[in-house]
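Colleague: Got a minute to walk me through this one? I'd like to ask a few things while we look at it together.

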Amino acid sequence: MGKLRIIPLGGLGEVGKNMTAFEYEDDIVVVDCGSIFPRQDMLGIDLVIPDITYLTNNRERLRAYLITHGHEDHIGAVPYVFRSVPAPVYGTKLTCALIRGKLAEHNISGIALNVVQPKQTVRIGAFEVEFIKVSHSIAGAVAMAITCPAGTVIVTGDFKIDYTPIDGEVTDLNTLAAWGSRGVLALLADSTNVERPGYTMSEKKIGETFHSLFKDASGRIIIAMFASNLHRIQQVVDNCIEFGRKICFVGRSMVNVTRLAMEIGELKIPQDVYIEVGDLDCYNDDEIVVLTTGSQGEPMSGLTRMANSEHRKLQIRQGDTVIISASPIPGNELMVSHIIDQLYKCGATVIYNRIADVHVSGHACQEELKLIHTLVKPKYFVPVHGEYRMLHRHAQLAMELGMPADNVVILELGQALELSEDEASITGPIPTGAVMVDGLGVGDVGNVVLRDRKHLSQDGLIIVVVGVNKETGKLSSGPELISRGFVYVRENEELISGARSVAAGVLARYDCIEQSDWTAIKNGIKDEMHAYLFGLIKRNPMILPIIMET
């Protein structure tokens, strides 16, 4: 009997970019295809996706993509990956609808989207996959039982155990327990909230908070949240109906996702409650609710543009109640703090998670994770979906529950885990990493480009332009200096004049400038100007010499 290989391509040592390949003999299935926000040092980068070199090299063995749910950290890389390595997709109704929208936006066709239901089982090559209902902060989230001749692996996806979910569909603990009774080879479980003791609060609690805030608000209510949290949006709609308010949606993703959700029946909004943003002036302030993007303080989001008076239709003003129904993603704390400050300056009353229960996590805390471990009873455990400290804490939790330390495996990107009933071994290396998306360019920005961008952002640029007579090789013009982001030239004429003299001194060493001398001249100008400028003002701008034939 062959071995099952588990190959993480993302989602380990990071929160996001989730993607894991499962390989048995000639068949590969991939769970999730996510992206992650760029780090602050990734200047100009829009998105970061997994390196799929391994899938590209094994494209003839790839049988399907299995998607747990429709959050960006699980489907954000879909347009870029599917264009290179297409395969059929399996996901629930909302998940497939969101993927369909992404593919249409990128003009990608020919991908088979197979809508599945919880408790449904599909056969894909050597694998049999059962989809298991779980609660999360988006509709249609599922765990998976992936079975092959080597055994069964339970993949939880992102989940929590909510006993009072908005849609009434609780996490299917019975099915998870049934698999535990049959025997589970390995469990791959979400580690995002493993550092938090106790239980995750129910989504229904947010509805109660909204009800109280709606009751007290005398002006407009503006709520910023993730567009994918349809259960929370439905609670906002229900409060609008109760308090006689109209709702409108602002922000591209908010408009697109809610429209799609209404089309497939996941979001129910009466026609007389929904209005377009252009109709807001037809209603009093106490009749309006605006649902917008921007809960993470994103510069181009609806809430940020409103707060900065840059939105064409809406500005924050005195008397508004602004609710930020989200907690900052790690790395976004400063942007969120800044937007809260700006909202206060505009005269709004700001409600956020530190002062009211306006957000609950979609991820399981320690007691919920313990329940899953106890029900599933896996032979091996692999913590996933988290930074390294989270994976380490989750591994400790499994051992506290009695699992032998040898059966708990903390993987890193670039490693693969080979499993059989008798042993587990780590192999590799597997090509993995981060591919950066900048505009329409995918993977064309690497560390060298980022280093140059950082250098430019910190120290600025000086361009040295020199003209050389093509016939005689004599200097015909220059050196002329152009400064960008370095110093204000009009106030630093003496410094610029000195730098020009340094460049002229390098050129004066050559009676006749041949093309074979250009590299040496450019290096000389860069080296001597760097020494001159750093010696005077302790700055190190990027220096770009340009020699032109005239």
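**Around one helix**

Modeller: Sure. α4 (93-105), α7 (230-243), β14 (246-250) and β15 (288-292) are among the elements that cover the buried residues of α8. Keep in mind that this is a predicted model.

Colleague: How far apart are the end C-alpha atoms of helix α8?

Modeller: Helix α8 runs over residues 252-263, which is 12 residues. At 1.5 Å a residue it should span 16 Å. The model agrees with that, since the end C-alpha atoms are 17 Å apart.

Colleague: Within what arc do the buried residues of α8 fall, seen down its axis?

Modeller: The buried ones in α8 are M254, V257, T258, L260 and A261. Seen down the axis they line one face of the helix, because they fall within an arc of 160°.

Colleague: And which exposed residues does the face turned away from the buried side of α8 carry?

Modeller: In general, an α-helix has 3.6 residues a turn, so residues three or four places apart point the same way. On α8, the face turned away from the buried side has its own exposed residues. Those are R252 and E263.

Colleague: Which residue with a positive phi follows α8?

Modeller: Go just past the helix and check the backbone there. Phi is near 85° at that residue, which is G265.

Colleague: Let's move to T321. Is it buried or exposed?

Modeller: T321 sits in strand β16, residues 321-324. Beyond its neighbours within four places in sequence, it is in contact with A217, R220, I221, I222, T349 and I351. Its relative accessible area is 11%, and the cut-off is under 20%, so T321 counts as buried.

Colleague: What is the relative accessible area of V464?

Modeller: V464 belongs to strand β23, residues 461-468. Its contacts beyond four places in sequence include P479, L481, A503, M529 and I543. V464 is buried, with a relative accessible area of 0%.

Colleague: How far apart in space are V464 and K526?

Modeller: In sequence, 62 residues separate V464 and K526. From C-alpha to C-alpha, the distance in space is 9.3 Å.

Colleague: Zooming out, what share of the residues in the protein is buried?

Modeller: The protein has 15 helices and 25 strands. Of the contacts between residues at least 6 apart in sequence, 70% join residues at least 24 apart. Out of 550 residues, the buried share is 54%.

Methods: Residues are numbered from 1 along each chain as its sequence is written. This is a predicted model: local features need pLDDT of at least 70, side-chain atom pairs count only at pLDDT 80 or more; totals for chains, interfaces and linings use all residues. Side-chain values use heavy atoms; hydrogens and water are left out. Helices (H or I, at least four residues) and strands (E, at least two) are DSSP runs, numbered from the N terminus. Buried means under 20% relative accessible area, exposed over 50%, partly exposed in between (1.4 Å probe, protein chains only). Contact means heavy atoms within 4.5 Å. The expected span of a helix is 1.5 Å times one less than its number of residues. The arc is that of the directions from the helix axis to the C-beta atoms.
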